[in-house]
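User: Hi! I'd like to go through this model with you, one question at a time. Could you give me your reasoning along with each answer?

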Amino acid sequence: CSPGAPAWETEAVASIDVAGLTKTYAGDRPGGDLSRPVLDALDLHVRDQEFVCILGPSGCGKSTFLNIVSGLDRDYSGTVTISPGGGEPAKPRIGYV
């Protein structure tokens, strides 16, 4: 890393990229509509050492999003790519509370 240059300009860095993430739950809502969209075409890029906070009211999809990114939920459309720092996709070892 050269003096004065940010690390991301000179080194490969880890990242999480989410593109077009969409998740819909099936259900039995009154009125005949059986689906409930939770995430709709979400795009997000998180760089190495970046701090991100996910906020929202109950039922807005925060836990669903974390379950998808962590690999616990695989029933969605869109892409989630976790790169460890050389541009290669990682086999994620992710935990959250």
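User: How many disulfides does the structure hold?

Analyst: Happy to start there, keeping in mind that this is a predicted model. A disulfide is a covalent bond between the sulfur atoms of two cysteines. To be counted here, a pair of cysteine sulfur atoms has to lie within 2.5 Å. The number of disulfides in the structure is zero.

User: Is Cys53 buried or exposed?

Analyst: The class follows from the relative accessible area, and exposed means over 50%. Cys53 has a value of 53%, so Cys53 is exposed.

User: And what does Cys60 count as?

Analyst: Here the value is 31% relative accessibility. That falls in between the cut-offs of 20% for buried and 50% for exposed. Cys60 therefore counts as partly exposed.

User: Good. Now the sheet: what is the order of its three strands?

Analyst: The sheet is open, and its pairing is antiparallel. β1 pairs with β2 over nine bridges, and β1 also pairs with β3 over six bridges. β2 (35-47) and β3 (77-83) each have a single partner strand, so they stand at the edges. The order is β2-β1-β3.

User: Which residue in β2 stands opposite Leu21?

Analyst: Let's follow the antiparallel pairing of β1 (residues 15-26) and β2. One bridge there joins Ala26 with Ser35 in β2. Opposite Leu21 in β2 stands Leu42.

User: Which residue in β3 stands opposite Ile16?

Analyst: This takes us to the pairing of β1 and β3, which is antiparallel as well. In β3, the residue opposite Ile16 is Ile82.

User: What is the average twist from one strand to the next?

Analyst: This concerns the open sheet of three strands with the order β2-β1-β3. From one strand to the next, the twist averages 20°.

User: What angle does the direction of helix α2 make with that of β1?

Analyst: Helix α2 (residues 62-70) packs on the sheet and touches β1, β2 and β3. Its direction and that of β1 make an angle of about 125°.

User: Last one: is Gly61 buried or exposed?

Analyst: Gly61 sits in the loop between β2 and α2. Beyond its neighbours within four places in sequence, Gly61 is in contact with Val38 and Leu39. Leu39 is 22 residues away in sequence, yet the C-alpha to C-alpha distance is 6.4 Å. With a relative accessible area of 9%, which is under 20%, Gly61 is buried.

Definitions and conventions
Residues numbered from 1 in each chain as written. Predicted model: local features only at pLDDT ≥ 70, side-chain atom pairs only at ≥ 80, totals over all residues. Heavy atoms only, no water. Pairing = 2+ DSSP bridges. Helix = DSSP H or I, 4+ residues; strand = E, 2+ residues; numbered from the N terminus. Axes fitted to C-alpha atoms, helices over the stretch in contact; angles between N-to-C directions. Contact = heavy atoms within 4.5 Å. Buried < 20%, exposed > 50% of the residue type's maximum accessible area, 1.4 Å probe, protein only.
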